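The following exercises are to be worked with the sequence and the model side by side. Each task is followed by a solution in steps.

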Amino acid sequence: MPWSQLVVQPDGCASFCCDVPNPLTVDGRLGTLGRDSLDDLWNSEDLVQTRAAMVAGERPASCQVCWDREASGSLSRRQLTTEIYRLGGGELELEMLPLIGAETGYRLERRPDWFLLELGNVCNLRCRSCDPIFSSRIAGDAIHSAWAATPVPPELATLTALRPEPGAPISSAWFRNIDATADMVAGGATGNAMLSLLGGEPFLARETWQLLEALVERGVAGNIMVGFSTNGQQRSARLAELAPHFRSMHVSVSVDGYGRLYEYLRHGGSWDKLMENLVWLHTLPGVSPLITPTLQNANALDMVALLRFLEQWNLHLNFNVVTWPARLAPSNLPPAVRRRAAARLREFLVTECSAKNANVVRGYCEILEATPDEFDASLFEEFMTFTNDLDASRGESLAEAAPELAARIADAGIPWSPARRHGLAQTTT
């Protein structure tokens with residue numbers, strides 16, 4: 001990934017992986033696309049040192065999430081992303097990486113051939129696992145934004161302090177410079193290349209369609225595999241018009257729960273509209289839909305209901321799991337509840353799961369099984385308080401959306417706290 005992939009967030013901050021906690025720095029300060037060039041970021045000291053450490057057989061601290069998952073026997077994003085890169089036609093060979101850039105101290109002349117671009121934060125939903133920088137609706141939600149401003153881990157404090165305040169307008173607007181963005185992507189598309197369009201909601205961003213049109217005009221679209229990450233609530237005729245020009249077009253729909261739980265976790269979403277749009281996606285020639293459920297503590301126990309439904313649609317799954325904020329991580333459950341969720345997924349894996357989705361489901365199992373007896377009571381208290389605040393402000397109830405989860409938390413001897421942190425002080429259940 002440090003040789004092939006660059007992630008750029010709406011505020012211009014960049015990294016080489018979605019799970020790397022610290023954005024890249026340039027000359028000791030936070031680097032941002034727009035103020036800094038692609039080469040400044042792609043060959044930043046952070047990234048150069050990461051490449052050199054990997055070649056030396058070391059384990060860079062920036063990759064700790066994957067090291068921890070693999071040490072526990074779980075699938076990591078590193079492994080799954082490498083598989084996607086190869087299936088997508090990525091041309092780098094693993095055994096050649098120590099030689100690529102060795103003569104220049106791992107400063108690379110080659111451009112990234114996989115860009116993951118978050119084109120602003122315009123969005124129509126307020127998903128519980130999201131953040132103001134990725135959703136304009138959350139940025140306008142005083143309660144949810146206040147939670148995004150809570151203290152971050154010490155290792156993030158220095159760099160995070162340099163980011164815009166939660167809810168503040170994004171000023172760099174690098175993604176509005178369509179020509180510069182298209183030239184950047186086209187420069188890495190001399191062979192097979194990949195472009196992931198994230199958000200916000202990319203179907204709502206005019207920059208999404210302008211960028212794809214610009215790549216067609218530059219004559220490189222045929223080399224590029226495009227992937228969308230969408231909440232499944234929007235349609236655009238431009239998708240069908242542009243798909244034939246690209247090497248392939250994949251639409252990953254984020255679905256975190258079945259029915260009512262989906263609407264709870266992705267506030268503002270309609271399950272019925274999601275179903276209609278999945279049918280529509282299946283009708284588009286040259287477009288391959290897949291589903292990305294984000295495993296978190298609020299859906300771990302109910303995940304099998306969603307997976308069973310998706311298997312009936314014969315849909316491929318993509319792997320994603322909440323790592324931050326830690327209060328929403330799937331491991332943040334009472335041990336008895338976590339073990340029950342893992343056992344249920346294991347049974348599904350053995351008896352019902354299709355071969356094409358086995359790796360994703362196995363990864364879910366391994367994450368839930370990694371620390372079977374650990375429980376951080378204070379972190380779970382934070383989850384309850386967060387849930388109470390959002391439930392009260394949105395007129396929702398976790399107990400109604402996920403009744404079995406609420407019952408099993410109580411059975412585990414954990415009384416649901418009435419605590420509130422933001423908004424009116426009142427008790428919720």
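In strand β5, W114 is the bridge partner of Q5. The model in which this pairing appears is a predicted one.

**Exercise 1. Place β5 within its sheet.** Determine which strands pair with β5, and in which sense.

Solution.
Step 1. Begin on the side of Q5. Strand β1 (residues 5–8) pairs with β5 in the parallel sense, over four bridges.
Step 2. Turn to the other partner. β5 and β7 also run parallel, and five bridges join them. Here W114 stands opposite M194 in β7.
Step 3. Continue outwards from β7. Strand β7 (residues 193–198) pairs in the parallel sense with strand β8 (residues 224–230) over five bridges, and M194 stands opposite M225 in β8.
Step 4. Assemble the sheet. It is open, has eight strands and follows the order β2-β1-β5-β7-β8-β9-β11-β13, with mixed pairing. Its edge strands, β2 (14–15) and β13 (316–317), each pair on one side only.

**Exercise 2. Examine the two faces of β5.** Is each face of β5 covered or open?

Solution.
Step 1. Recall a general rule: side chains in a regular strand alternate between the two faces of the sheet.
Step 2. Sort the residues by side. W114, L116 and E118 lie on one side, and F115 and L117 on the other.
Step 3. Check burial, for which the relative accessible area must be under 20%. Five of the five residues of β5 are buried, and both faces are therefore covered.
Step 4. Identify a covering element. Helix α9 (residues 206–217) lies across β5 (114–118), β7 and β8, and runs at about 165° to β7.

**Exercise 3. Follow L117 into the nonpolar core.** Which residues have the most contacts inside the largest nonpolar core?

Solution.
Step 1. Consider the general tendency: in soluble globular proteins, nonpolar side chains tend to be buried together.
Step 2. Read off the core. The largest one has 121 residues, and those with the most contacts inside it are L117, L195, L215, I224, F228 and L239.
Step 3. Find the main contributor. Helix α15 (residues 358–369) gives the most to this core, with seven residues.
Step 4. Look at the surroundings of L117. Beyond its neighbours within four places in sequence, L117 is in contact with residues including V8, W174, L195 and L211.

**Exercise 4. Test the length and burial of helix α15.** How many of the 12 residues of α15 are buried, and what span should the helix have?

Solution.
Step 1. Compute the expected span. At 1.5 Å a residue, the 12 residues should span 16 Å, and the end C-alpha atoms are 16 Å apart, which agrees.
Step 2. Count the buried residues. Nine of the 12 are buried, so α15 is largely enclosed by the rest of the structure. Among them are V360, V361, I367 and L368.
Step 3. Name the packing partners. The buried residues of α15 pack against α3 (64–71), β12 (294–295), α13 (303–312), β13, β14 (320–321) and α14 (335–351).

**Exercise 5. Compare three salt bridges.** State where the partners of each pair lie or how accessible they are.

Solution.
Step 1. Note the total: the structure holds 23 salt bridges.
Step 2. Take D113 and R110, whose side chains meet at 3.1 Å, N to O. D113 is buried, with a relative accessible area of 5%, whereas R110 is partly exposed at 26%.
Step 3. Take R218 and D183, whose closest N and O atoms are 2.7 Å apart. R218 lies in the loop between α9 and β8 and D183 in helix α8 (residues 178–187), so the pair ties together parts that are 35 residues apart in sequence. Both partners are partly exposed: R218 has 30% relative accessibility and D183 has 44%.
Step 4. Take R420 and D389, whose side chains meet at 2.5 Å, N to O. This pair links distant parts of the chain, with R420 in the segment after α18 and D389 in helix α16, 31 residues apart. D389 counts as buried, at 0% relative accessibility.
Step 5. Add a shared arrangement. R29, R35 and D36 are joined into one network by salt bridges that share partners.

Definitions and conventions:
Residues numbered from 1 in each chain as written. Predicted model: local features only at pLDDT ≥ 70, side-chain atom pairs only at ≥ 80, totals over all residues. Heavy atoms only, no water. Core = buried A, V, L, I, M, F, W, Y, C linked by side-chain atoms within 4.5 Å. Buried < 20%, exposed > 50% of the residue type's maximum accessible area, 1.4 Å probe, protein only. Contact = heavy atoms within 4.5 Å. Pairing = 2+ DSSP bridges. Axes fitted to C-alpha atoms, helices over the stretch in contact; angles between N-to-C directions. Expected span 1.5 Å × (residues − 1). Salt bridge = Lys/Arg side-chain N within 4 Å of Asp/Glu carboxyl O.
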